[in-house]
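Work through the two exercises below with the sequence and the model at hand. Each task is followed by a solution in steps.

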Amino acid sequence: MVKMKQILLVLIIAISSLTFSQVPEKLKDSQPNILPVRGFCIAAPEIKDLDSFIKFIDEELAPRSVNTLILRVDYNYQYESHPELRDSIALSKADVRKLVAICRKNNIRIIPQVNLLGHQSWAGKTGNLLRVYPQFDETPQVKMPEKYEWPNPDGLYCKSYCPLNPDIHRVVFDLVDEICDVFETDAFHAGMDEVFYIGEAQCPLCSGRDKAELFAGEVRTIHDHLALKGRKLWIWGDRLLDGKTTGLGEWEASYNNTYRAIDMIPKDVMICDWHYDRPDQTPVYFAMKGLSVMTCPWRNAGNAVLQVQDMVKFRKSAASEMKDHYQGMVQTIWSSAGKFLDNYYGRKPENSDNSPDSQIVCFKALFGEIKKLEGTK
Ligand SMILES: [Zn+2]
């Protein structure tokens, strides 16, 4: 019997070494590395920057083993379901197909983003959704200022739509379905960060309701719609964190009591946990709630390196039940793709004010650290 076991063992080793040696080099790169998600998030390029961006994907993202590209599309696409919502200059179907092709070639999963709920305006400018459909505005009584400044008496950061408006989802789900179809993807990023206006007293539908329940309800509604076609929902994590208790403040976390929604949303919503000033260890909190999480740095390279090390450490030290909730890292870029590429290829300086903060240095440091920890460099 012992001898039989030995023979079996030898056979298994022989077969597995044979299988491993036959895995082609290219396929090895597409296998899960030290972190399942190695992501990059940026605004979708304008048409004029499309070719330069495709070159960047091929020559800069792919060699760093980036396998996830979150593209903030919003209204930069020629929607056929709602042409009234398109930006004046927007990507065509053929343009998107070029992005899909280059990502497919490099085993990169594209996740398109359209901001839902919050971020329906920016500074003094109303976004396309509320400009065309002002009846969806959660705070129609708040007028857009000529010159935006923060703080302001209205507490206006960005407008929100009213999640209880009976017609809102009919419109936005057309966009969600169309953008997922054209990007041929099984995941959608709904944004949902920095929602300051929610459950407002002046809204006849929302007033008096629990803000955490309103937020969770909207997450669930979007999640369930995506699930009909087997698609996953990704969101930013800040509304699920308690800003006061943690000291994280009202941007990276919630001051308006939405944080209890963390216990009310489906567990397969993917959380993009952004922290730009300090490497707070909030992924542990999300993971312990049964949610999968990625840490998202921006332009502080020192913090990004610490955040990679933390993420790897969390995975190594976690019980098997929790390990896979620590999904990885996503570098976030908050300039336009065109401006980022100008900076990246040295056509224009990144900072005019000699600030040490750099998205480019952060991006390189983040992926350099992942490679270092993988022992591949
Ligand atoms: Zn409302």
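Two strands count as paired if DSSP finds at least two bridges between them. The model is a predicted one.

**Exercise 1.** Determine which strands pair with β8, in which sense, and how the chain gets from β8 to β9.

Solution.
1. Take strand β7, residues 232-236: three bridges join it to β8, and the pairing is parallel. Isoleucine 235 has isoleucine 271 of β8 as its bridge partner.
2. Take strand β9, residues 292-296: five bridges join β8 to it, again in the parallel sense. Here cysteine 272 is matched with methionine 294 of β9.
3. Follow the chain from β8 to β9: the path runs through helix α10, residues 283-288, and this β-α-β crossover is right-handed.

**Exercise 2.** Is strand β8 enclosed or open, and what covers its two faces?

Solution.
1. Apply the cut-off: a residue is buried if its relative accessible area is under 20%.
2. Count along β8, residues 270-274: five of the five residues are buried, so the strand is largely enclosed by the rest of the structure.
3. Recall that side chains in a regular strand alternate between the two faces of the sheet.
4. Sort the residues by face: Met270, Cys272 and Trp274 lie on one side, Ile271 and Asp273 on the other, and all are buried. Both faces of β8 are therefore covered.
5. Set this against the whole protein, where 53% of the 377 residues count as buried.

How values were computed. Residues numbered from 1 in each chain as written. Predicted model: local features only at pLDDT ≥ 70, side-chain atom pairs only at ≥ 80, totals over all residues. Heavy atoms only, no water. Buried < 20%, exposed > 50% of the residue type's maximum accessible area, 1.4 Å probe, protein only. Helix = DSSP H or I, 4+ residues; strand = E, 2+ residues; numbered from the N terminus. Right-handed = clockwise from strand over helix to strand, strands pointing away.
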